[in-house]
Structure formats: structure tokens, C-alpha cells
Amino acid sequence: IVFLAAGLALESGRHISMRMLLSRFPPSAQRATKFAINLLGLLFSLYMVKVGAEITLFVARSGQASPTLGISVAWLYWVMPVGFILLAAQYIVELIGWSDRFERDIDPAHHL
């Protein structure tokens, strides 16, 4: 669930961020910092898609099955690469400029 919800948390501005520090930068440094954060987040997410897919395929090849569900355990492992694909997609949306989570006002009393 955590891996699947990571993209939603990013989109809604719920990921850990340093808004107070970022707001003290001049506008040009803010843009560069936001771009760097989103690019590094995208690269990390894509790397985790690769790692998650490798782990999932390894488990799938092992033939391990859930005794309770009677299905391959690999189905449970697919959540990791799928979740990071969704997170990478959100970083792409941020890089393109369709969304800017840093500009959203966050109500600390609001719970998802």
C-alpha cells in the first residue's frame, strides 16, 4: 500500500519537503532547486522500478506460492515497481510543469 500511495502523497504535497528553506531562496534558485529535486526523484523512482522488477522476476522464477491464497508470491511483489512507476509519472508531471506541489497550500489539520 505504501508503494502504491507514494505517487498520491507526492501529488497532494504530502511528501517531506523543505518549504521553509526553499521559500528563502531567490526565484531563480527556487526554480533550479525544484527542477533538481524533481529530476533526482524521477531518476531514483526509475531505478527503483528496475530493482523492483528484478526482485519480482526473481521471486516469480523461484515458483514460490502463497499457501493461503494459492497464487504466486510475485503478484505481491509487483506492487513495488508499479508504485514507483506511478511516482515517476508524478515527477514527470512536475518536470513538465503541469503541477507544482510546492505552490500548494497545505492544511496541517487535513488528513488523507
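Start by selecting lysine 50, which is partly exposed, with a relative accessible area of 47%. Here, partly exposed sits between buried (under 20% relative accessible area) and exposed (over 50%), using a 1.4 Å probe and protein chains only. Now add glutamate 54 to the selection: this residue is also partly exposed, at 43% relative accessibility.

Before moving on, a word on what you are viewing. This is a predicted model, in which local features need pLDDT of at least 70, side-chain atom pairs count only at pLDDT 80 or more, and totals for chains, interfaces and linings use all residues. Residues are numbered from 1 along each chain as its sequence is written, and side-chain values use heavy atoms, with hydrogens and water left out.

**Stop 1: the lysine and glutamate pair**

What joins the side chains of lysine 50 and glutamate 54? They meet in a salt bridge, with 2.6 Å from N to O. The term stands for a side-chain nitrogen of Lys or Arg within 4 Å of a carboxyl oxygen of Asp or Glu. By this rule the count comes to one salt bridge. Side chains of opposite charge can pair when their charged atoms come close. Both residues lie in helix α3 (residues 27–62), four residues apart, about one turn of the helix. An α-helix has 3.6 residues a turn, so residues three or four places apart point the same way.

**Stop 2: the whole chain**

Zoom out and colour by secondary structure. The chain has five helices and zero strands, in the order α-α-α-α-α from the N terminus. Helices here are DSSP runs of H or I with at least four residues, strands are runs of E with at least two, and the numbering starts at the N terminus. Of the 112 residues in the chain, 30% are buried. The chain exposes about 7,700 Å², and carbon and sulfur atoms supply 71% of it; these areas come from the Shrake-Rupley method with a 1.4 Å probe, and for residues only the protein chains shown count as cover.

**Stop 3: along α3**

Select α3 from end to end. Its 36 residues should span 52 Å at 1.5 Å a residue, and its end C-alpha atoms are 52 Å apart, which agrees. The expected span is 1.5 Å times one less than the number of residues. Among the buried residues of α3 are Gln30, Lys34, Asn38 and Val59. Which elements do the buried residues of α3 pack against? They pack against α2 (19–22), α4 and α5. Following α3 is glycine 63, whose phi is positive, near 80°.

A little further on, pick serine 66 in the loop between α3 and α4 (74–77). Serine 66 is buried, at 14% relative accessibility. Apart from neighbours within four places in sequence, serine 66 is in contact (heavy atoms within 4.5 Å) with Ile71 and Val73.

**Stop 4: the core and α5**

Next, select Ala6, Leu10, Leu42, Met48, Val49, Met80, Phe84, Leu87, Ala88 and Tyr91: these ten residues form the largest nonpolar core. Helices α1 (2–11), α3 and α5 (79–96) each supply at least two of its residues, and α5 gives the most, with five. A nonpolar core is a set of buried Ala, Val, Leu, Ile, Met, Phe, Trp, Tyr and Cys residues joined through side-chain atoms within 4.5 Å.

Stay with α5, which has 18 residues and reaches 26 Å from its first C-alpha to its last, close to the 26 Å expected. Cover for its buried residues includes α1, α3 and α4. Click on alanine 88: setting aside neighbours within four places in sequence, alanine 88 is in contact with Leu42, Ser45 and Leu46.

**Stop 5: a patch on the surface**

Turn on the surface and select Leu4, Ile55, Leu57, Leu69, Ile71, Trp75, Leu76, Tyr77, Trp78, Val82 and Leu86. Together they form a nonpolar patch with about 1,000 Å² of accessible area. The elements giving two or more residues to the patch are α3, α4 and α5, and α4 gives the most, with three. Patches are made of residues with over 30% relative accessible area and no salt bridge; like charges are joined within 9 Å and nonpolar side chains (Val, Leu, Ile, Met, Phe, Trp, Tyr) within 5 Å. For a patch member in helix α5, pick leucine 86, which is partly exposed at 44%.

**Stop 6: after α5**

Just after α5, glycine 97 takes a positive phi of about 100°. Finish on serine 99, in the segment after α5. Is serine 99 buried or exposed? Serine 99 is buried, with a relative accessible area of 15%. Serine 99 and glutamate 11 are 88 residues apart in sequence and 8.1 Å apart in space, C-alpha to C-alpha.
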